[in-house]
Amino acid sequence: MTSTAMPTAGQHGLVAHSDGAFVPVQTRSERFRSVNVEDFAPVNGREHEWKLSPVAAFADLTGGDIDGSRVEIETVLRAPDGEADAAGVDVSWLGRDDARIGRAGVPEERASANAWSSFDEALLISVTGEDEKVFAVTRHDLGDTPRASHTVIEAAPNSRALVVLRGTGDARLSENVEIVVGEGASLTVVSLQEWSDDAVHLASHFARLGRDSFLKHIVVSLGGKVVRVNPSTHLAEQGSDVEALGLYFADAGQHLEQQVFVHHDAPHTRSRVTYKGALQGEGARSVWVGDVLIGNAAVGTDSYEQNRNLVLTDGTRADSVPNLEIETGDIEGAGHASATGRFDDEQLFYLMARGIREDEARRLVVRGFLTEIVQKIGSPELEERLTAALEAELEGN
C-alpha cells in the first residue's frame, strides 16, 4: 500500500501550474491520492469532493478515530435461481500488509483514507469457476460507534458471479471496497443500502478490469440518513467493459450521494453509466457526479453516461453533474446526459384515460422509471425483493 507522490498543496485540492504557482484541481486525473489519512487536510466542506455533502453529519468518520476491528457478516451462496446450493466463492480475512490489498485503487479523499488507515483485517471474497452463482454478504446492526471496513472482491480469469454487499440496521460506517476482475471474467457487484433511518454510510469502491473482462456495478440506496457511495472503475486493459448502474429513492431528510468515476486507460474499452433516482418529502436530497476520463492511450473508446431524477414532491433537491474529459480524438464515441423533472403529464393522462386512479397511475409511472435498473441485476430473487422495497417507498413505508 503506497501513496501517490504529490506536492503538499495537493492535500488542499491544488496542483502545480507550468509557471510554478498552485491552482485548484480542474480534472479528476489530477486529484491527490494516498492511503494515509494524515496526508489529507481536515474536511471543511469547501473541497471539490465534499462541497455537495453534509460534512458536519459525519465529521467523526472523516477526522476522528474509528474502530477497525472485524465487522460481523452473514453470508449466503446460491445458484442464480435462488433454489440450489452453489460453489466457487471462498471467504477469508487478510492482514493489512497482504499484497492483495491496494491493487484496485487508492483513496482520493479523507473519509476513504481514514477507513484505510484504520482497518485491522480485510474481508477477501474470492470468485472462481465458470458456473454462475450468487453470493450475498450482509452487515447488520453495526451500532452507533464509528467503524471502518475493507473488502476485496477478486474474480479469477473467466469466472462468473454476482456478489451482493448488503447493509441493514444501525451503522456509522466508512469503508473501502476493492474489485479486481481477471481476464475474461464476468462479475456483477450489487451494493445494497437498506440501513435504518439514522444510519450514516460512506463508501469508496475501486475496480480494476483485466483484458476482455466485464463488470456490472450496481448501487442501490434506499435506507440511511446519509449514504455516499463513490465507485471508481479503471479500465486498465484492452477490451474491458463496465456497466455502472444506480438506483436511489430519497425520502424527507435523506441525503443520498454517488460520485462515479470511469477511467478509460486502454484501447477498445467500453463503459455505460446509468443512474436513476426519485425524491419525495421535505429536505430529500440526491447528489450525482459522473466523471469519465478517456486517456491518451484509450483509442477506440465507446462511452456514455447519464443521470435521471424524478421529483415527486416540493421541497426536494437533486444535484446532477456529468463531466467528460477526453485526451485522444481516436474514439468510437463519448457522451453524457442529465435530466431532472416531475411526472410526465402525458403518461399520467394516458393511464387515467383508461380508468386508472391518479394515485395508482403515479405509482405506475415511478415504478416503470426505476425498475429499468432493477431488471438488470440478473437475480430474479433479488429483483423481486427490490421491487417490493420500491413499492413500500412509494407508499411511504
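These notebook entries record what I looked up in the structure, a predicted model.

**Entry: the sheet**

I began with the strands and found an open sheet of nine of them, running in the order β3-β6-β8-β10-β12-β14-β16-β18-β20, with mixed pairing. I then looked at its edges, where β3 (74–78) and β20 each have a single partner strand, so that one side of each is left without a neighbour in the sheet. Neighbouring strands here are turned by 10 degrees against each other on average, if direction is ignored.

I next followed one pair in detail: strand β16, made of residues 270–279, pairs with β18 in the parallel sense over ten bridges. For Leu279 I looked up the bridge partner in β18, and found Val311.

**Entry: helices across the sheet**

Which strands does helix α4 lie across? I noted that α4 (residues 358–374) lies across β12 (214–223), β14 (241–250), β16 and β18, and that it runs at about 145 degrees to β16. Helix α5 (residues 380–394) lies across β8 (160–169), β10 (186–195), β12 and β14, and for this helix I recorded an angle of about 30 degrees to β10.

**Entry: helix α2**

I turned to α2 and asked how many of its nine residues are buried. Eight of the nine are, so the helix is largely enclosed by the rest of the structure. The buried residues are Arg110, Ala111, Ser112, Ala113, Asn114, Ala115, Trp116 and Ser118, and what covers them includes α1, β7 (146–155), β9 (172–181) and β11 (200–209).

At the N-terminal end of α2 I found a cap, formed by Glu109, which places a side-chain oxygen 2.8 Å from the backbone nitrogen of Ala111.

**Entry: salt bridges around the start of α2**

Glu109 came up again when I listed salt bridges, since its side chain also meets that of Arg228, at 3.5 Å from N to O. Glu109 lies in the loop between β4 and α2 while Arg228 sits in strand β13 (residues 226–235), so the pair ties together parts that are 119 residues apart in sequence. I checked the surroundings of both partners: Glu109 is buried, with a relative accessible area of 8%, and Arg228 is buried as well, with a relative accessible area of 2%.

I then looked at Glu108, which forms a salt bridge with Arg31, the closest N and O atoms being 3.8 Å apart. Arg31 belongs to the loop between β2 (22–24) and α1 (59–63), and Glu108 to the loop between β4 (89–95) and α2 (110–118), so this pair ties together parts that are 77 residues apart in sequence. Arg31 is buried, with a relative accessible area of 11%, and Glu108 is also buried, at 13%.

**Entry: salt bridges elsewhere**

How many salt bridges does a search of the whole structure find? I noted 22, and looked further at one between Arg342 and Asp314, whose closest N and O atoms are 2.4 Å apart. Arg342 lies in the loop between β20 (333–341) and α3 (345–352), and Asp314 in the loop between β18 (302–311) and β19 (317–326), so the pair ties together parts that are 28 residues apart in sequence. Are these two residues buried or exposed? I found both Arg342 and Asp314 to be exposed.

Last, I wrote down a network of salt bridges that links Glu243, Lys276, Glu372 and Lys376.

Key:
Residues are numbered from 1 along each chain as its sequence is written. This is a predicted model: local features need pLDDT of at least 70, side-chain atom pairs count only at pLDDT 80 or more; totals for chains, interfaces and linings use all residues. Side-chain values use heavy atoms; hydrogens and water are left out. A salt bridge is a side-chain nitrogen of Lys or Arg within 4 Å of a carboxyl oxygen of Asp or Glu. Helices (H or I, at least four residues) and strands (E, at least two) are DSSP runs, numbered from the N terminus. Buried means under 20% relative accessible area, exposed over 50%, partly exposed in between (1.4 Å probe, protein chains only). Two strands pair if DSSP finds at least two bridges between them. Axes are lines fitted to C-alpha atoms, for helices over the stretch in contact, and angles run from 0 to 180 degrees between N-to-C directions. Contact means heavy atoms within 4.5 Å. A polar contact is a pair of N or O atoms within 3.5 Å; within protein, one must be able to donate a hydrogen and the other to accept it, and residues adjacent in sequence count only if both atoms are side-chain atoms.
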